[in-house]
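Biologist: Please show me the model, and then let us go through it by question and answer.

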Number of protein chains: 4
Amino acid sequence: MSLRQKKAEKKKEEIIQSALSIISEKGYHATTMEDIAAKLLMTKGSVYYYFKDKQDLLFESQKMLLEQSIANIEKVVFEDLPPVEKLDATMIIHMEYLISERTGFTMGARPEQLFAEEQLNDILELREKYSKYFDDLIKQGIEDGEFMEIDIRLVRNIILGAMNYMIDWYSPKGSKSKSELAEAISNYLLRILIKDPK
Amino acid sequence: MSLRQKKAEKKKEEIIQSALSIISEKGYHATTMEDIAAKLLMTKGSVYYYFKDKQDLLFESQKMLLEQSIANIEKVVFEDLPPVEKLDATMIIHMEYLISERTGFTMGARPEQLFAEEQLNDILELREKYSKYFDDLIKQGIEDGEFMEIDIRLVRNIILGAMNYMIDWYSPKGSKSKSELAEAISNYLLRILIKDPK
Amino acid sequence: MSLRQKKAEKKKEEIIQSALSIISEKGYHATTMEDIAAKLLMTKGSVYYYFKDKQDLLFESQKMLLEQSIANIEKVVFEDLPPVEKLDATMIIHMEYLISERTGFTMGARPEQLFAEEQLNDILELREKYSKYFDDLIKQGIEDGEFMEIDIRLVRNIILGAMNYMIDWYSPKGSKSKSELAEAISNYLLRILIKDPK
Amino acid sequence: MSLRQKKAEKKKEEIIQSALSIISEKGYHATTMEDIAAKLLMTKGSVYYYFKDKQDLLFESQKMLLEQSIANIEKVVFEDLPPVEKLDATMIIHMEYLISERTGFTMGARPEQLFAEEQLNDILELREKYSKYFDDLIKQGIEDGEFMEIDIRLVRNIILGAMNYMIDWYSPKGSKSKSELAEAISNYLLRILIKDPK
DNA sequence: AATGAATGAGGTTTCATTCAT
DNA sequence: GATGAATGAAACCTCATTCAT
C-alpha cells in the first residue's frame, strides 16, 4: 500500500472512531454527519469524500467494531488455558474493551432496521462469529466436565446481555475500578456454568 | 372524572401504547409523530391535542411503562413467599412483560440524552424504584441465608442486563416458548445467588 | 369529490403549472423546488405536502402536459373534416398551445434519463398516443388520395420536430403574430404531404 | 505552436469531445465535471488545468461544435452545384454529423440561461452564421427560380427543427440506416421549397 | 501536468409543530 | 376534538472549485 493509501486508510479509521463514539452515545439517528465531522475538525463534505453516505459510514463502523472485537478476544481464545480461565479472560477482555471504547454493539436501533441485504448479512455473520467463540468456550468447558450441561445458546445470551448492560450503568466515579468490576461480573457469571462453585 | 375526561384518558393511553411499541422497535429519533398516529388511524395533528410535543409524549410513555412495570412486579413482591421463589417469579414476570409488550426500557438513547431536569429525575426515580425491588428481594434472600453474600447492585445489574437482552434475540419461532425461556433464564440467573444449587 | 379534495386538486395543478413553466424555461436540473414554490409564494415544505419528491412532481407535470395536449387535439381530431383541413387544424392547435403555455415537451433531458420503469412507460405511452393521432391523420389523407404515399412515421417526426422547434426561436416581438406563424408553418409542412400543392 | 502546446491542444479537444457527448446525453446541469473526467480516465482536478471552470468548458465546447459544424457544411456550400443539390447535400451533412457525434446543438437549456455577455454573443453569432448558410442556399434557389417565394427565415427554422429532432427519435436499430434517413428527410423537406416537385 | 483531498454553497428531503376551519 | 394544510429548521447529500504536493 502506498503512503497515500495508508494516510487515507488512517483518515477513514479516524472518522470511524469518531462515528462510533458519537453513535454509541446518542444513537444512530440522533447522530448527524456534522457531529461526526466537527469532532474531527472536518467539514461534512470531507466525510463524504471517504464514505458514500451515512449508511455506508455506519456499516463500515459497525464492521470494524465487530472485527476489532473478534481480533480482541482471539488473543485469548487460541491460548492454551483451561476452559474456565479462558472464558473468564474472554469475558474480561470483552468488558474492558466495551468500557474503554465507550462503544457498545448497539446503535440505538435493531440491525434489521439499519441495514439491508448484504450489509445486514455481513453484520449478522460477524456477530455470529463473535458469539460462536463464546459458545465454543462453553462447549469445551462442558466436554471437559468443568461446566454443567446447560443450554449453550441461552447461557451465552445471558452472559452477553449481562456484560453489555454495563455500558448503561457503568460510571468511572464508582467505588470499583473498571477491572475490578469486570472480574467480579465474570466471577458471578461463571457461577451459572461451573459445576462446583466454591 | 367526567366521562369526557375518561375518554380522553383512554385515548392518551392508546397513543402511548402506539408510541411505546414503535419507539421500542425503531428508537426514539427514528420514530415520527406520523408513525405513531398512523398506527392508530389518526393524523398527527390529533396527537398534539393530547400531548404538548414529542418530548412530552415520550416522557409520559416512559413514565407509564415504568409505572406499569412496577405495578406488575408488585403483584408478586408483596406476596408471602420464600425469597428464591419470589425473585424467580419477579424475573419471570419481568421477562414475560418485556416480550409480550415487545417493549424494552431502552429508547435508542440514554435517558440523559432525552430528558432534562425534572423529567429526567422522575424517570430515574422510577427506574430506581424498580431496581430497588430487585435489590430488596436479593437482600432478603441473603438475610434468610439462602443467597450468598454478593454485591447486590452488581448482581442486580447482571440480572437486569441478561433479562433485557432478550428483546434483542428473542424470536417467537424458536424451539422454546416465551414462558419456557423465561423460566430457564431465571433458573440460570438464580445460580449466581443461591448458596447451594442442586 | 369533496370541496377539500377539489381545493387540494387545484393546488396540485397550480404547482404543476408553476413547475412546467420553470422547467420548460430552465430545464429540469436547473429548476429548484425553491424556484417552483417561490413562484407561488409557497415554501418548499408545502410543495412536499402535495408531491412525494421532485421526481414525482416532474412525472405528474409531464403526464398532465401530455394529457392536456391529447385532450387539446382531440377536439379537432374527432371532428368531421377533410384530412387536409384536419391535419392543418391539429398542427395549429399544437403550436398555439406550445407558445401560449411557453411549455415544450422537452425537459432538458431525455425521458430515459429522468424516468424509470413504470413512470417511463406511462410517459412513452402518452407520447405514443399523441403521435398516433398525427399518424392517423396522415394515413387518412393518404387513403383519401389527398396525400402522397410517404413514410408516415418519418414525416410525422419531421412535422413534430419543426413545430416544437418554435419554442426555441419564437419571440412575441416578431413581425408575425403567433397565429400567423402557426398557419404559415402548417401550410409549409402540408406541402410535404399534399399531392398537388398549388 | 510548440510540441507542448500541441499536446495541450489535443487534450483540450479530447475533454471537449467528452463534455459534448455527455452534455448532449444528460443536459448541462446533470453533467458533472466528474462525469466528463471519468470518461477520459482523468480526475476532475486535471480538467481544471485545461479549463477555467465548467462554464468555460461549456463555452469552448459549444464554440468548437459550432465551428466544426460550420466548417463541415462549408465543404459543400462553396462547391459549384445547383441550389437544390447543394441544399440537399448540406442537410444531409448536417444530419449525419448530428447522429454520428450524437451531439445536438441543444444543451438542455436556452443559451440565454447558460451564457452571458460576450460568450452569449459569440455563440449567437456562430449560430447566426450557421443559419445564414441555409438562408443563403434557400435565397439562391429562389433567385434561380427553382424554389418558391417563401419566408426564408421561417422555412429555415422548419428545416433545422425537423433535422435536429432526429436526435430525439433516431435509433440505430431502426430499419433504415442513418444515411437513408438523412436522404429521405432531406427529400421531404425539399418539397416545401421546390416549385414543381415530381 | 496531474491528482488526492478538502471545502462550502446550495439543493433535496424530512418532520416536529402550528393553526384555521 | 379532529384534521388538512402550511411552515421552517435542520438533516442529508452533491458538486464545482481550490490547492498542496
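Biologist: How many residues of chain D are in contact with chain C?
Modeller: This is a predicted model, so totals for chains and interfaces use all residues. On the side of chain C, the contact involves 36 residues. On the side of chain D, the number is 37.

Biologist: What area is buried between chain D and chain C?
Modeller: The size of an interface is often given as the accessible area lost when the parts come together. Carbon and sulfur atoms give 57% of the area in this pair. The area buried between chain D and chain C is about 3200 Å².

Biologist: Which residues of chain D lose the most area to chain C?
Modeller: Three residues together make up 22% of what the chain D side buries. They are R110(D), Y188(D) and R191(D).

Biologist: How many salt bridges does the rule find across the interface of chain D and chain C, and which element gives the largest share of the chain D side?
Modeller: The rule finds four salt bridges across this interface. Two or more residues of the chain D side come from each of α1, α8 (152-164), α9 (166-169) and α10 (178-193) of chain D. The largest share is nine residues, and the element that supplies them is α8(D).

Biologist: Which residue forms a salt bridge with E25(D)?
Modeller: The closest N and O atoms of the pair are 3.5 Å apart. A salt bridge needs a side-chain nitrogen of Lys or Arg within 4 Å of a carboxyl oxygen of Asp or Glu. The partner of E25(D) is R110(C).

Biologist: Where in chain C is the residue that pairs with D151(D)?
Modeller: The side chains of D151(D) and K176(C) meet in a salt bridge, at 2.9 Å from N to O. The pair crosses between chains, and D151(D) sits in the loop between α7 (117-143) and α8 of chain D. K176(C) is in the loop between α9 (166-169) and α10 (178-193) of chain C.

Biologist: What relation holds between chain D and chain C?
Modeller: Chain D can be laid on chain C with an RMSD of 0.1 Å. The operation is a turn of 180 degrees with a shift of 0.0 Å along the axis. That is the relation of a two-fold axis.

Biologist: Which residue of chain D has the C-alpha nearest the axis?
Modeller: The C-alpha in question lies 1.9 Å from the axis. It belongs to G108(D).

Biologist: Why do chain D and chain C meet through the same surface?
Modeller: The interface residues of the two copies can be compared. Those of chain D are also interface residues in chain C to a large extent, so the copies meet through the same surface; the share is 97%.

Biologist: What share of the interface residues of chain A are also interface residues in chain B?
Modeller: Chain A can be laid on chain B by a turn of 180 degrees and a shift of 0.0 Å along the axis, with an RMSD of 0.1 Å. The contact takes 35 residues from chain A and 36 residues from chain B. The copies meet through the same surface, and the share is 100%.

Biologist: Which residue of chain A forms a salt bridge with E25(B)?
Modeller: The count between chain A and chain B is four salt bridges. In the one that involves E25(B), the closest N and O atoms are 3.5 Å apart. The residue of chain A is R110(A).

Biologist: How far apart are the closest C-alpha atoms of chain A and chain D?
Modeller: No contact joins chain A and chain C, whose closest C-alpha atoms lie 20 Å apart. No contact joins chain A and chain D either. For chain A and chain D, the separation is 13 Å.

Biologist: What percentage of the atoms of DNA strand E within 4 Å of the protein belong to sugar or phosphate?
Modeller: DNA strand E is surrounded by 30 residues, and the closest include S46(A), Y50(A) and Y48(C). Of the strand atoms within 4 Å of the protein, some belong to bases. The sugar or phosphate part is 79%.

Biologist: What is the distance from a phosphate oxygen of DNA strand E to an N or O atom in the side chain of Y50(D)?
Modeller: For the side chain of T43(A), a phosphate oxygen of the strand is 3.2 Å from an N or O atom. For S46(D), the corresponding distance is 2.5 Å. For Y50(D), it is 2.4 Å.

Biologist: How many residues of the surface near DNA strand E are charged?
Modeller: Elements that each supply at least two residues to this surface include α1 (3-26) and α3 (44-50) of chain A. Nine residues of the surface are nonpolar and 10 are polar. The number of charged residues is 11.

Conventions. Residues numbered from 1 in each chain as written. Chains lettered and ligands numbered in written order. Predicted model: local features only at pLDDT ≥ 70, side-chain atom pairs only at ≥ 80, totals over all residues. Heavy atoms only, no water. Near = heavy atom within 4 Å. Polar contact = N/O pair within 3.5 Å; in protein donor to acceptor, adjacent residues only side chain to side chain. Helix = DSSP H or I, 4+ residues; strand = E, 2+ residues; numbered from the N terminus. Nonpolar A, V, L, I, M, F, W, Y, C, P; charged D, E, K, R; others polar. Least-squares fit on C-alpha atoms with pLDDT ≥ 70 in both. Contact = heavy atoms within 4.5 Å. Buried area = accessible area lost by both parts, 1.4 Å probe.
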